[in-house]
There are 4 protein chains.
Amino acid sequence: MQLKQAKPWQVSHWLNTKNPITLENLLGKVVLLEVFQMLCPGCVSHALPQAMRVAQAFNAADIAVIGLHSVFEHHSAQGSKEALSAFLREYKIDFPVGIDAPATSGRLPQTMTSYGLQGTPTTILIDRRGNLRKQKFGFENDLVLGAEIMSLILESKESFNQTSPSGCDDIGCAIPTE
Amino acid sequence: MQLKQAKPWQVSHWLNTKNPITLENLLGKVVLLEVFQMLCPGCVSHALPQAMRVAQAFNAADIAVIGLHSVFEHHSAQGSKEALSAFLREYKIDFPVGIDAPATSGRLPQTMTSYGLQGTPTTILIDRRGNLRKQKFGFENDLVLGAEIMSLILESKESFNQTSPSGCDDIGCAIPTE
Amino acid sequence: MQLKQAKPWQVSHWLNTKNPITLENLLGKVVLLEVFQMLCPGCVSHALPQAMRVAQAFNAADIAVIGLHSVFEHHSAQGSKEALSAFLREYKIDFPVGIDAPATSGRLPQTMTSYGLQGTPTTILIDRRGNLRKQKFGFENDLVLGAEIMSLILESKESFNQTSPSGCDDIGCAIPTE
Amino acid sequence: MQLKQAKPWQVSHWLNTKNPITLENLLGKVVLLEVFQMLCPGCVSHALPQAMRVAQAFNAADIAVIGLHSVFEHHSAQGSKEALSAFLREYKIDFPVGIDAPATSGRLPQTMTSYGLQGTPTTILIDRRGNLRKQKFGFENDLVLGAEIMSLILESKESFNQTSPSGCDDIGCAIPTE
């Protein structure tokens, strides 16, 4: 399987973190990116609680759980930083959440467009080397998700250090492949 | 037991109904008034689904299910008609919902204050003659709520018909308000 | 609606009660009779927990919750008093349970046959005067069941007191069966 | 970590399989052994459905899901092959289930004693080389269990072939370590 690098995120604001988070920052860790909307019932009842369980079940040194608020409808109702901030506090969600940057033209926010998402919730897994490994619209059951995450966690860090096809690692910066 | 008339509601906007709804309009029916906030997790996961089950289980000729959005925190996030409207659409809530009128002074909206509510969710039952019969903060189980509703439904319409128009009850007749 | 008396039960053994229980003993109370089999998954996960909730939600002076173990398959596995007794203890079911008397001929136990049951679970409601008022195969939701029970509880005891002992109802007086 | 071989099972009868199953048969696969009793509510509502989800979520070439019916109470009610067979059919459990051999003396069945189990349900994981890797009384959540299973699945089969410290593998039989 030819792996592809996950695309960078376009985030207009971050909550629950002092500094913006980039995929480059997270190289070396597995990343669970949960794409949601605060007024999406399936996100509220299933996907976000599952992301919280992941954050609790695994070691933070192995996996980073990140939310991405990708609003593609009801912009006035759920589009503000204040509304999202209140939502996160009421639902006791404490992992970092980025607000997907609004489109300069069109309805869909920028990251949602660049990832080609079908809707919310979408669960995305990115491996230690920054490759996109899973992108699933709708629900995944806990057994399967737990197994997939562990499979990515167990991928050798050494292989990451040696082979990271582009970008920087602990040792230095490789010339990116064309 | 000395029964008391339920106090009138102060509502700034109504959704899911063309005309404003008053307690007087509803005389003759049992009323379930579900007081909630759209960012209150217990409201979203328990109280509102229960109110929807009530609307489905009972005959609309016997009981009116009404929501009251009483925002006492995160006003900028959940205070607008647009936010609430989007919420109702996403959660497929189709019974009438009033927005509790903001306080002219203080933090709590007006109906929340006049009813002395402790928070959300609060489930309120009003009998066919407009008397306040139950006001419970938190959850009630379905068996008990079903039983209480039926108990109010079975109260004689005759006694309502005789005594209500002129403001009479078992004890006496009050001078009707204009 | 012409009401019919519930037929007597044929029970070979009783558990969780010192004395056998008959419908006549229960005149004056509403009766919830839960017909089940200990190896019926829907009984174990839904109907029996619901019957336990009913026993807890209502006043024992108003309603009697009774189980009837009507075995129509796997007789060697679930047919014995010992097996049922162990089951009741493990599931902490403490209301009285009768074992439906085995058929003298045929596969179905006697009460199951005389009531014309379709299977398990079946929830049966009998009013204060011994009339069969509900017989439902499968599940009933808590709101509806709570409402139905309350409706029967609120039926006048006076009408029972006047008419029951001699087999009278609203329409007339039947000659009591010997 | 010094790993220990899982002890052999003592089984008096097998259901849902034509041939008895031994740990030696299963070398090369991960094994989930679910120890239960048919009248144990936690087994029925949680552990057995979880074992069924495992059997469905993973590849049968990687993991074998096996039940062990270890009766330590209510022997007359749940001790028979017929009772267990009826239970498995009603609950649609189709993985192989062994009946833990009754003790020659004492109350606990033989495998329960040799494994030092605390009760039911107990979830046991055995690796591809026959080592006992997890033995947990009570519940494990799906995320953690999925991760643990995947971790064992990903352990190299080669390492199994080369290093299996005792016993037989595809190639031959090694002299067991003392």
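Is the crossing of α5(B) and α5(C) left-handed or right-handed? Some notes from going through this one, which is a predicted model.

1. To take the handedness first: α5(B) and α5(C) cross in a right-handed way. Each of these helices spans residues 142-153 in its own chain, and their axes come within 7 Å with a crossing angle of roughly 45°. That angle is why α5(B) counts as oblique to α5(C).

2. Who meets whom here? From α5(B), the residues in the contact are B:Asp142, B:Leu143, B:Val144, B:Leu145, B:Gly146, B:Ala147, B:Ile149, B:Met150 and B:Ser151. Facing them in α5(C) are residues including C:Asp142, C:Leu143, C:Val144 and C:Met150. By type, the residues of this contact split into 12 nonpolar, four polar and two charged.

3. On to chains A and D, where 14 residues of chain A touch 14 residues of chain D. On the chain A side, the elements giving two or more residues are α2 (41-57) and α6 (142-153). The largest share there comes from α6(A), with nine residues. Sorted by type, the chain A side has nine nonpolar residues, three polar and two charged.

4. Then there's the contact of chain C with chain D, which takes 15 residues from each of the two. On the chain C side, α1 (41-57), α2 (75-78) and α3 (81-90) are the elements that supply two or more residues. Helix α3(C) gives the most, at five residues. The chain C side breaks down into nine nonpolar, four polar and two charged residues.

Terms used:
Residues are numbered from 1 along each chain as its sequence is written. Chains are lettered from A and ligands numbered from 1 in the order in which they are written. This is a predicted model: local features need pLDDT of at least 70, side-chain atom pairs count only at pLDDT 80 or more; totals for chains, interfaces and linings use all residues. Axes are lines fitted to C-alpha atoms, for helices over the stretch in contact, and angles run from 0 to 180 degrees between N-to-C directions. Helices (H or I, at least four residues) and strands (E, at least two) are DSSP runs, numbered from the N terminus. Angles under 35 degrees count as roughly parallel, over 145 as roughly antiparallel, 65 to 115 as roughly perpendicular and the rest as oblique. A crossing is left-handed if the near helix is turned anticlockwise from the far one by less than a right angle, and right-handed if clockwise. Two residues are in contact if their C-beta atoms, placed from the backbone, lie within 7 Å. Ala, Val, Leu, Ile, Met, Phe, Trp, Tyr, Cys and Pro count as nonpolar, Asp, Glu, Lys and Arg as charged, and the others, Gly among them, as polar.
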